[in-house]
Amino acid sequence: MKYRELFKLYNLKNLNQNKWSMFFIALSIVITMTVSLILPQIRMSKQEYINQAMQESNPADLVVTQSFPSKSFDKAISAYEQEGIQTSYVHSAPVYLKNENNQMMLYLLSGYENLSEEEVVISEGLANKQHLNVGDTIHLIGIKEQDKALKITRIEYLPIDVVDDAQVSGYIKTKNLESSYHSDAGLVFISGKSGELLKQELQTLESGYKYKTIEDRRNELFSDLDKQIMALNLISTVGYLLAIAVLISGITMLIVRSQKDIAAFMLIPIKMKDIIKAMKLEINILIFTPLILSVIFSIPLAKMILAAENISVNYTAAYMINILKFVVFNIFVFLLYRNIALKYMVNLDPVLIVKGDHGLPKRNRLRNFGIMLSLPVVFSVYAVLLGSGTSMASNFILLITLCAIFIGILLLIELITRLPVWKYHRSTLYTFKEIKKNKLVFVIGILNLTMMLWFILIGFGLANTLKESVDMGYQQSLPYNYLMKTSDEEALNQVLVNSGDIKTFTIMHYMDAKIENDEVSNKQVRINEIDQKNYTSKFKITEGQDVFEGNPREILISKAYADAYKINIGNTLEITNEEKTVNYRVKGTYDSAGINNNWMLKASENQYSDTIYLVRAIDDGFLNEVKDSYIANMNVVGDYLLSKMDSFLTSFKYICFLFIVAAVIFNVNLLSLMNDLNRKEYAIIRSLGIGKKILVKQYMIKAIISIICSLTMSLVLFSVVISVAVSAISKGNAIIDGSMYVFIIVISVLFVFVGNISLFSGKYNDLEVIRE
């Protein structure tokens with residue numbers, strides 16, 4: 001009998017008989033293929049979005065970020081202008097968004113020649129924080145035209161050509177709106193000469209400024225995109241692993257269920273070659289149907305995900321060809337593992353099957369090793385097609401991490417099953433023997449749940465956890481949580497002294513200056529003078545003397561600043577302001593928690609007139625009494641991180657939903673396979689009249705072990721991610737909110753319940769199984 005005839009007479013009917021199992025296998029493949037097709041669409045659309053944003057921004061060959069005056073730089077710019085090189089300036093100055101009695105500090109960036117006279121562009125973070133939309137009218141304090149109403153014409157979602165501080169606090173871009181506050185900070189755009197050559201020439205004259213060529217700016221944006229694609233690719237990689245495992249386990253389950261029929265075909269005889277070809281046609285339905293559906297689903301889903309980030313899709317020929325590349329890749333991958341799984345049929349012994357020796361086909365270690373070896377190759381090819389070198393490296397790290405997690409779970413299972421206390425409980429003893437017999441499958445199931453919980457924690461908990469951890473770090477390290485400036489110091493002093501909401505506050509007088517030491521690349525510093533009677537919010541001294549110890553003319557620098565530029569106690573710093581240079585000896589370091597690291601502290605000599613208040617408040621009720629003051633809450637850093645992470649994780653959350661469904665399907669398939677393999681044993685137990693209680697207890701014990709192990713491993717992984725992220729930003733510790741624990745416990749219980757519900761709801765024909 002030819003394989004086509006066998007396929008029509010047997011395999012189509014067999015497919016219908018196992019329709020639910022095959023449906024779940026196909027659904028798992030649909031999800032994986034859909035995710036694999038969404039990623040290149042997201043990458044390509046965001047690349048076009050970045051290119052478009054670059055075109056709309058100032059096309060200067062070099063952008064220079066100024067933070068202090070420099071005569072040598074100004075002289076060079078004048079010389080360039082005489083040569084015909086074009087220059088333009090964007091001035092950056094703090095202004096305040098009027099908000100009831102007080103104002104919220106942000107940055108006015110004025111001088112963008114690509115904007116029209118009436119155009120007002122605000123940052124996404126500012127829009128989200130103040131709930132502003134296009135068409136809204138705002139009023140600013142700190143501009144020359146105080147009563148001028150500004151109508152928002154655009155919200156900028158991708159910050160290009162703005163100073164770093166403005167991204168944190170929020171900013172407004174205009175063409176010619178002038179600030180009433182003089183600031184030396186801003187941007188200089190230079191065009192008409194090689195950006196790299198300009199960069200090299202100017203850096204030799206003024207090393208304290210930041211220089212970015214047009215390629216530097218583009219590469220910076222694409223680097224951020226590559227990191228986002230890398231995060232999404234981690235889910236895609238695990239999704240591929242699950243789908244490949246589901247396909248192989250599904251085909252194995254199909255072989256186990258059909259092995260009596262296969263044995264009969266072999267004894268007729270029908271050639272094994274034709275039986276395998278017929279099975280290939282059957283499995284092709286499970287591959288090509290999902291492939292067609294994934295193409296149909298991926299396009300609107302990618303559009304929806306991108307729309308959530310305010311990015312539109314342009315369906316060009318190149319866009320569709322890019323999708324086609326990954327369609328071909330998916331065909332290759334799933335046909336490859338289809339063929340590998342069907343190779344197990346070669347080892348079937350029809351005589352043993354007829355005798356009733358049911359079970360998995362004999363394992364081939366060489367073939368299993370080949371599967372493991374092929375996975376890094378497959379993922380590397382996908383990363384190459386995706387055009388992401390970072391994704392390729394992350395795939396190898398992920399595979400190593402999965403191996404480490406697998407070993408960790410294996411050790412946990414080994415430890416739990418060896419506890420002597422369980423030997424006196426019959427159900428538990430039986431369960432542990434069952435786990436040991438199928439240890440590999442049980443551990444893979446826990447690994448699946450662990451990865452799902454880890455991705456959920458990252459997608460839905462990382463942003464808030466990072467914000468809370470950073471905020472707590474600042475609260476523990478800094479002596480203040482509000483920075484304040486005012487035009488009426490006497491009134492503000494009265495509020496701070498008399499309010500029960502204020503714990504401590506410090507008044508500092510400051511001067512912005514430039515450091516001349518060659519080893520320091522960031523030249524802008526601020527010298528803060530402190531009067532001892534007004535110093536109640538005190539910085540933590542990490543080394544050396546405090547402000548009022550030792551020589552009052554010596555200074556303290558932040559520990560972060562000292563570490564960054566290898567400055568030791570006893571070193572001399574050369575500080576210049578208004579053409580006057582003063583040498584200061586460093587007598588100690590303090591903890592800045594990563595905020596305003598360039599601040600330097602010294603005892604007051606009444607030299608400076610600008611004043612700033614550092615306020616430690618236990619509640620914000622006092623703000624209602626403060627008038628005509630400029631207030632910066634230190635939570636602005638955490639809010640900025642939250643905004644950036646939410647934007648970064650938008651796509652991650654959508655993909656995470658798809659992964660959750662794939663993980664549940666994998667669990668159902670895995671449990672169904674194990675149930676098929678153990679059906680004779682379970683039938684005997686039920687027939688003896690002791691089965692229901694033992695089996696129910698067995699499921700419950702397995703569920704509890706799965707939940708404990710997966711929760712432990714996922715929380716450890718999440719804590720590592722948070723700790724690394726927090727340590728890179730501030731000095732705080734990772735703080736995971738209690739609600740996250742409750743959330744993932746509920747998710748894990750639901751996951752295990754859904755996975756086992758099919759086993760509890762199944763109908764058993766024990767007499768038929770025993771008779772067989």
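This is a short group-meeting talk on a predicted protein model, going through its strands, aromatic rings, one cavity and a few backbone details.

Okay, hi everyone. Some ground rules before we look around. Residues are numbered from 1 along each chain as its sequence is written, and side-chain values use heavy atoms, with hydrogens and water left out. Since the model is predicted, local features need pLDDT of at least 70 and side-chain atom pairs count only at pLDDT 80 or more, while totals for chains, interfaces and linings use all residues.

Let's start with the strands. Helices (H or I, at least four residues) and strands (E, at least two) are DSSP runs, numbered from the N terminus. Two strands pair if DSSP finds at least two bridges between them.

Please find strand S17, residues 580-590. Which way does strand S16, residues 572-577, run against S17? Antiparallel, with six bridges between them. One spot to look at there is Thr 576, whose bridge partner in S17 is Thr 581. Strand S14, residues 541-544, also pairs with S17 in the antiparallel sense, over three bridges. Glu 543 is the residue facing Thr 589 of S17. Then there's strand S15, residues 555-558, which runs parallel to S17 and is joined to it by four bridges. In that pairing, Leu 556 has Gly 588 as its bridge partner.

Right, on to the rings. A pair of aromatic rings is described by the distance of the centres and the angle of the planes. Rings of Phe, Tyr and Trp (its six-membered ring) pair if their centres lie within 6.5 Å; planes under 30 degrees apart count as stacked, over 60 as edge-to-face and the rest as tilted. How many aromatic pairs does a search of the whole structure find? It finds 19.

Take Phe 329 and Tyr 382: they make a tilted pair, 5.7 Å centre to centre with 45 degrees between the planes. Phe 329 is in helix H9 (residues 317-342) and Tyr 382 in helix H11 (residues 365-386), so this pair links distant parts of the chain, 53 residues apart. Are those two buried or exposed? Both Phe 329 and Tyr 382 are buried. By "buried" I mean under 20% relative accessible area, with exposed being over 50% and partly exposed in between (1.4 Å probe, protein chains only).

My other pair is Phe 455 with Phe 659, edge-to-face at 5.2 Å centre to centre and 90 degrees between the planes. Phe 455 lies in helix H14 (residues 439-477) and Phe 659 in helix H17 (residues 635-677), so the pair ties together parts that are 204 residues apart in sequence. Phe 455 and Phe 659 are both buried.

Back to Phe 329 for a second: ring pairs link it into a cluster with Tyr 240, Phe 326, Phe 334, Phe 379 and Tyr 382.

Some rings have a charge over them, meaning NZ of Lys or CZ of Arg is within 6 Å of the ring centre and within 35 degrees of the ring normal. Arg 526 has its charged end over the ring of Tyr 510, 3.8 Å from the centre. Lys 173 lies over the face of Tyr 112, 4.7 Å from the ring centre.

Next, a cavity. On a 1 Å grid over the protein atoms alone, a cavity is a set of points where a 1.4 Å probe fits but cannot get out, and lining residues have an atom within 4 Å of a point. Grid points are joined across faces, edges and corners, and a volume is the space filled by probe spheres set on the points. There are three cavities of 30 Å³ or more, and the second largest holds about 50 Å³. Two rings we've already met, Tyr 240 and Phe 659, are among the residues lining that second largest cavity. Helix H2 (19-56), helix H7 (214-267) and H17 each give at least two residues to this lining.

Last stop: the backbone. The peptide bond from Ile 268 to Pro 269 is cis, with omega near 10 degrees. You'll find Pro 269 in the loop between H7 and helix H8 (272-308). Lys 566 isn't a glycine, but has a positive phi, near 55 degrees. That residue, Lys 566, is in the loop between helix H16 (559-565) and S16, and counts as exposed at 67% relative accessibility. That's my tour, thanks!

Conventions:
On a 1 Å grid over the protein atoms alone, a cavity is a set of points where a 1.4 Å probe fits but cannot get out, and a pocket is an open set with protein on both sides within 12 Å along at least five of seven lines; lining residues have an atom within 4 Å of a point.
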